[in-house]
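Biologist: Please give me a close look at one part of this model, namely the pairing of its charged side chains. I should like to know where the partners sit and how much of each is accessible.

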Amino acid sequence: ITSSDLGSLYVVDEDGGSLSRVSVESGESISYAVGVRPERVARASDKVFVTIRGERSLAIFTESGTGLTLDQKIEVGAEPVGVVAREDGKRIFVALSQDNAVVEIDGSTLAEVRRWSVDGHPSWLALHPSNKALFVASAMGGGLTRVDLESGASESVVLPEPVGAGASGQGSFSRRLTGDLWISADGSRLAVPGLYVDNLTPADDPAGSGVEVSGGGYASSGSSSIVTSRFNPGVTVAELDTTGVVTGTPRTVFLAGESPIKHGGEIVRSYPT
């Protein structure tokens with residue numbers, strides 16, 4: 001994420017247990033030890049928040065000139081991952097993956113205000129610019145949840161079920177969400193990265209590992225078609241209204257490409273975040 005003056009980036013190093021502030025202009029980096037398995041970072045005004053998965057806590061820093069000062073750590077629950085905050089700092093939201101919950105924290109008192117149950121190890125969050133909706137992606141089961149921050153109600157968002165699995169190519173892929181959600185600055189669009197898995201084709205049948213698709217929305221390069229695979233990375237895109245309600249039918253855009261290294265166009269697929 002960016003610093004409040006937009007001159008630096010904050011980057012979490014999960015393996016090293018640190019948070020780095022990197023100057024955009026010079027590339028100079030300053031690291032701060034934060035704890036065991038930091039996961040995500042968010043900023044509100046001059047406050048910077050880091051979830052520390054291995055310590056059940058949230059670290060709170062204050063920007064000071066070109067550096068950071070650690071204010072305190074507060075315990076929030078089992079294995080916190082995602083964190084977002086209102087720009088005015090009045091509310092902080094944390095996804096507790098092992099508690100199957102999302103908590104809302106008062107930015108002034110740091111007390112828990114509300115809590116929502118979300119199944120499937122909730123891991124990634126996105127706050128709508130209107131501050132009226134919070135989206136939660138779960139790491140297990142492929143579920144996406146919308147929390148109405150005005151009423152306090154939560155509901156599942158219906159995502160498309162792309163077809164292409166199995167020998168016939170008519171079976172639905174199993175969905176697994178894989179990374180941070182994105183909402184456009186004007187709040188009109190949501191993007192959700194995921195992996196779409198063929199659980200229907202036997203793993204010992206390479207000949208049946210994919211069904212060629214033509215014009216079905218799969219990526220292609222040049223004159224050769226990209227075929228479906230056991231693992232198909234994609235991004236689901238949904239349109240939103242001014243309060244963060246999904247409008248219309250979301251669509252999934254599949255991501256694949258051809259390797260420039262191997263002659264003959266080896267298909268390249270990866271893990272989208």
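Modeller: In this predicted model, Glu112 has a relative accessibility of 44% and counts as partly exposed. The figure lies between the limits of 20% for buried and 50% for exposed, which means that neither of those two words applies. The side chain of Glu112 meets that of Arg115 in a salt bridge, at 3.1 Å from N to O. Arg115, at 41% relative accessibility, is likewise partly exposed. In general terms, side chains of opposite charge can pair when their charged atoms come close.

A second pair is formed by Arg86 and Asp88, whose side chains meet in a salt bridge with an N to O distance of 2.6 Å. Arg86 is partly exposed, with 22% of relative accessible area. Because the limit for buried is under 20%, this value of 22% leaves Arg86 in the partly exposed class. Its partner Asp88 is partly exposed too, at 40% relative accessibility.

A third pair joins Asp148 to Arg146 by a salt bridge of 3.9 Å, N to O. The cut-off is 4 Å, so this distance satisfies the rule. Arg146 is buried, with a relative accessible area of 7%.

Other charged residues are joined in a network of salt bridges, which links Glu14, Arg37, Glu39, Arg40, Arg53, Glu79 and Asp180. Arg37, a member of this network, is located in the loop between β3 (29-33) and β4. Its phi is near 60°, a positive value in a residue other than glycine. At 36% relative accessibility, Arg37 counts as partly exposed.

The strand that follows this loop is β4, residues 38-44, and 6 of its 7 residues are buried, leaving the strand mostly covered. Strand β4 runs antiparallel to strand β5 (residues 47-52), and 5 bridges join the two. Within this pairing, Pro38 stands opposite Ile52 in β5. The two strands form a hairpin with 2 residues between them, and in that turn Ser45 has a positive phi of about 55°.

For the model as a whole, the count comes to 19 salt bridges. Among them are the pair of Arg86 with Asp88, that of Glu112 with Arg115 and that of Asp148 with Arg146.

Note on methods. Residues are numbered from 1 along each chain as its sequence is written. This is a predicted model: local features need pLDDT of at least 70, side-chain atom pairs count only at pLDDT 80 or more; totals for chains, interfaces and linings use all residues. Side-chain values use heavy atoms; hydrogens and water are left out. Buried means under 20% relative accessible area, exposed over 50%, partly exposed in between (1.4 Å probe, protein chains only). Helices (H or I, at least four residues) and strands (E, at least two) are DSSP runs, numbered from the N terminus. Two strands pair if DSSP finds at least two bridges between them.
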